[in-house]
Amino acid sequence: MSTHAYESAAALRPRHPAPTGLRALAERFELAGDPGTGAGPEVVGVSVDSGDVAAGELFIALPGMRTHGAQFAAQAVAAGAVAVLTDTEGARIVRREAPGVPVLTHPDPRAMAGPLAAEVHHHPARGLTTTAVTGTNGKTTTAYFVHAILSAHLGGCMIAGTVELRVGDLAVESPRTTVEAPVLQRLMALALEEGVGGASLEASSHAIVLHRLDGTVVDVAGFTNLQRDHLDFHQTMEDYLEAKAALFTPQHARRGVVCVDDQWGQALAARVRDAGLIEVDRLRAYPGQAQTDWWVTDAEVSMTDAATTFVLHGPQGELITASCPLPGLVNVQNAALALVMTIRAGVPADTAVAALAAAHDIPGRMQRVCQRDGVRGTCIVDFAHTPDALELTLTAVRQITPGRLIIVFGSDGDRDEGKRPMLGEVAARLADVLVVTDENPRSEDPGSIRAAVLEGVRSVRPDLVDVEEVTTWRGDAVCRGVELCGPEDTVIVTGKGHEPFLEAAGEFIRYNDAPVMRQAVADKWGRS
Ligand SMILES: CC(=O)N[C@H]1[C@@H](OP(=O)(O)OP(=O)(O)OC[C@H]2O[C@@H](n3ccc(=O)[nH]c3=O)[C@H](O)[C@@H]2O)O[C@H](CO)[C@@H](O)[C@@H]1O[C@H](C)C(=O)N[C@@H](C)C(=O)N[C@H](CCC(=O)O)C(=O)O
Ligand SMILES: Nc1ncnc2c1ncn2[C@@H]1O[C@H](COP(=O)(O)OP(=O)(O)OP(=O)(O)O)[C@@H](O)[C@H]1O
């Protein structure tokens with residue numbers, strides 16, 4: 001499983017690493033243990049996963065929540081690891097599993113992974129213009145908008161987020177929203193080598209808590225919003241905010257831009273201001289009265305091209321008219337955040353506005369597979385998978401739909417069960433026709449997940465009028481949605497977005513909504 005996640009990212013390493021002696025690393029980070037004779041072995045990289053180790057790297061064996069990384073020391077050494085850093089328990093295991101390899105110890109090896117990797121790669125973030133965006137929803141969209149703007153300004157920008165890891169023309173599917181710290185450091189080192197001047201990162205709350213961003217200080221951190229999600233990992237919304245707040249400290253960011261459209265953003269901005277450690281800009285993207293530094297007015301959705309125009313006001317009297325290529329107020333929030341973040345990162349406003357307007361489709365984020373043209377309806381793939389996101393998404397899509405709004409959706413297995421009926425309730429309230437199907441059932445019975453979704457649907461539509469359940473395969477449900485779609489209608493499939501796999505019964509099955517929907521469109525209306 002761990003190996004699987006890294007297969008594709010393995011190639012994204014700097015081509016000309018400048019090695020550091022293990023002894024120097026041990027001294028610099030006050031690591032206990034024997035680094036070997038003289039300067040010790042030369043270290044060219046770092047990894048926290050035995051399946052991800054390359055020759056000349058330091059393997060950091062983490063005490064995990066399920067197992068101890070030290071169990072895989074022999075595998076790491078066979079792959080070329082020249083030394084192991086672990087805790088005392090891990091050291092005992094390494095001496096047994098991989099006798100002879102130099103072993104260093106630290107009480108908290110996980111916290112060491114980022115700073116060590118940054119040191120080994122000579123602090124690549126310092127040579128790049130860097131941003132990181134966090135929040136429950138909108139990270140990927142905002143990161144792509146930032147990527148488009150920094151690319152235009154700097155001539156190139158890497159992106160590391162949920163959809164892909166991209167450095168210049170090299171791109172692979174991403175194993176995580178935020179990759180492990182050593183992977184991030186090596187991507188930034190590669191970006192520097194390739195002459196790519198910017199880095200647009202997504203920062204998940206898991207990553208912040210699990211130290212994946214340690215060792216990186218970005219120029220600008222951004223916060224979109226906080227909504228119900230990940231309560232299996234964070235327990236309460238307060239814990240969840242606490243995780244995000246750590247990004248807005250000098251250890252991780254030089255300045256911040258916080259959307260204050262919800263109570264969580266307001267609390268975060270107030271807290272960062274009170275701490276006085278980094279500058280913070282407050283941004284209000286939705287209509288409201290609160291006093292802020294930046295605010296948006298005149299947001300208007302165009303029915304013809306589904307773009308949204310808006311005016312961004314700034315603290316120095318800035319008046320910026322902008323156009324966001326995606327529909328809906330949620331994307332105004334993402335677009336305005338990307339503008340303020342990049343302006344604060346040093347991009348001239350007119351460059352940022354032009355690049356934003358030209359930002360191309362983002363995989364699985366309000367991605368238009370088919371645009372209404374009098375004959376064909378609008379067909380969209382989207383990633384909304386929380387009740388709040390679904391509510392906002394369906395509200396946005398309603399604005400560009402003269403006819404019926406058709407939704408194809410389900411809910412995840414092995415994740416927050418409470419949201420299943422909530423998703424059903426939102427869909428039944430805001431869409432006209434519902435096609436209920438599977439998302440990623442994982443180890444659960446898909447039928448019982450659909451039943452929980454339908455329970456929420458029934459709370460709004462007890463008779464289940466215009467509700468269909470597709471029990472065979474998600475692709476069939478997507479085809480059914482397109483079949484139902486008339487020229488004035490919109491069909492939207494939500495929940496999986498860009499995801500390249502469907503997880504069911506312990507298997508990762510290659511599946512992506514967009515090509516399935518594209519084929520269904522071609523079968524129904526012919527190719528455009
Ligand atoms: C819940 C969570 O985040 N777990 C992370 C945690 O796992 P863990 O402590 O359970 O690790 P473990 O399985 O006990 O293994 C211990 C160590 O042995 C290593 N190992 C394990 C097996 C092997 O063959 N070789 C090997 O070296 C592991 O890499 C690890 O370093 O530490 C590991 C190493 O740092 C992470 O890989 C792992 O992320 C797992 C894979 C994961 O799926 N995380 C998800 C939930 C996540 O991070 N998601 C967020 C975004 C969520 C969202 O916004 O939707 C993300 O940023 O992607
Ligand atoms: N600013 C926003 N507020 C609320 N919902 C949003 C916002 N932006 C996007 N969404 C909805 O959330 C979905 C996910 O968007 P996006 O991928 O940009 O967020 P994310 O934070 O990267 O999510 P994830 O971490 O789950 O990948 C979109 O498909 C859209 O439906």
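This is a short talk on how the domains of one protein chain meet and what surrounds its two ligands.

Keep in mind that the model is predicted. The protein chain is divided into three parts: domain 1 covers 18-120, domain 2 covers 124-357, and domain 3 covers 367-525.

I will start with domain 1 and domain 2. Taken over C-alpha atoms, their centres are 33 Å apart. Each side puts residues into the contact, 12 from domain 1 and 12 from domain 2. Which elements of domain 1 give two or more residues to the side that touches domain 2? They are strand E4, residues 45-47, and helix H5, residues 109-120. H5 supplies the largest share of that side, seven residues. By class, the side of domain 1 that touches domain 2 has seven nonpolar residues, three polar and two charged.

Now to H5 itself. H5 packs with helix H7, residues 181-193, at an angle of about 20 degrees, and the two axes are 8 Å apart. Angles under 35 degrees count as roughly parallel, so H5 is roughly parallel to H7. The crossing of H5 and H7 is right-handed. As for who touches whom, H5 brings Ala 113, Gly 114, Ala 117 and Ala 118, and these meet Ala 181, Pro 182 and Gln 185 in H7. The residues of this helix contact divide into five nonpolar and two polar, with no charged ones.

Next, ligand 1. There are 20 residues around ligand 1, and the ones that come nearest are Gly 64, Arg 66, Gly 69, Arg 176 and Ser 204. Where does ligand 1 lie with respect to domain 1 and domain 2? Both domains give residues to the shell around ligand 1, so ligand 1 lies between them. The shell divides into 10 polar residues, six nonpolar and four charged.

Last, ligand 2. Here 22 residues make up the surroundings, and Asn 137, Gly 138, Lys 139, Thr 140 and Ala 384 come nearest to ligand 2. Three helices give two or more residues to this shell: H6 (139-154), H12 (329-344) and H14 (387-398). Which domains provide at least three residues each to the shell around ligand 2? Those are domain 2 and domain 3. By class, the shell around ligand 2 has 13 polar residues, five nonpolar and four charged.

To recap: H5 gives the largest share of the domain 1 side that touches domain 2, ligand 1 lies between domain 1 and domain 2, and ligand 2 has residues from domain 2 and domain 3 in its shell.

Terms used: Residues are numbered from 1 along each chain as its sequence is written. Chains are lettered from A and ligands numbered from 1 in the order in which they are written. This is a predicted model: local features need pLDDT of at least 70, side-chain atom pairs count only at pLDDT 80 or more; totals for chains, interfaces and linings use all residues. Domain bounds come from an automatic or database domain assignment. Two residues are in contact if their C-beta atoms, placed from the backbone, lie within 7 Å. Helices (H or I, at least four residues) and strands (E, at least two) are DSSP runs, numbered from the N terminus. Ala, Val, Leu, Ile, Met, Phe, Trp, Tyr, Cys and Pro count as nonpolar, Asp, Glu, Lys and Arg as charged, and the others, Gly among them, as polar. A residue is near a molecule or strand if its C-beta atom, placed from the backbone, lies within 6 Å of it. Axes are lines fitted to C-alpha atoms, for helices over the stretch in contact, and angles run from 0 to 180 degrees between N-to-C directions. Angles under 35 degrees count as roughly parallel, over 145 as roughly antiparallel, 65 to 115 as roughly perpendicular and the rest as oblique. A crossing is left-handed if the near helix is turned anticlockwise from the far one by less than a right angle, and right-handed if clockwise.
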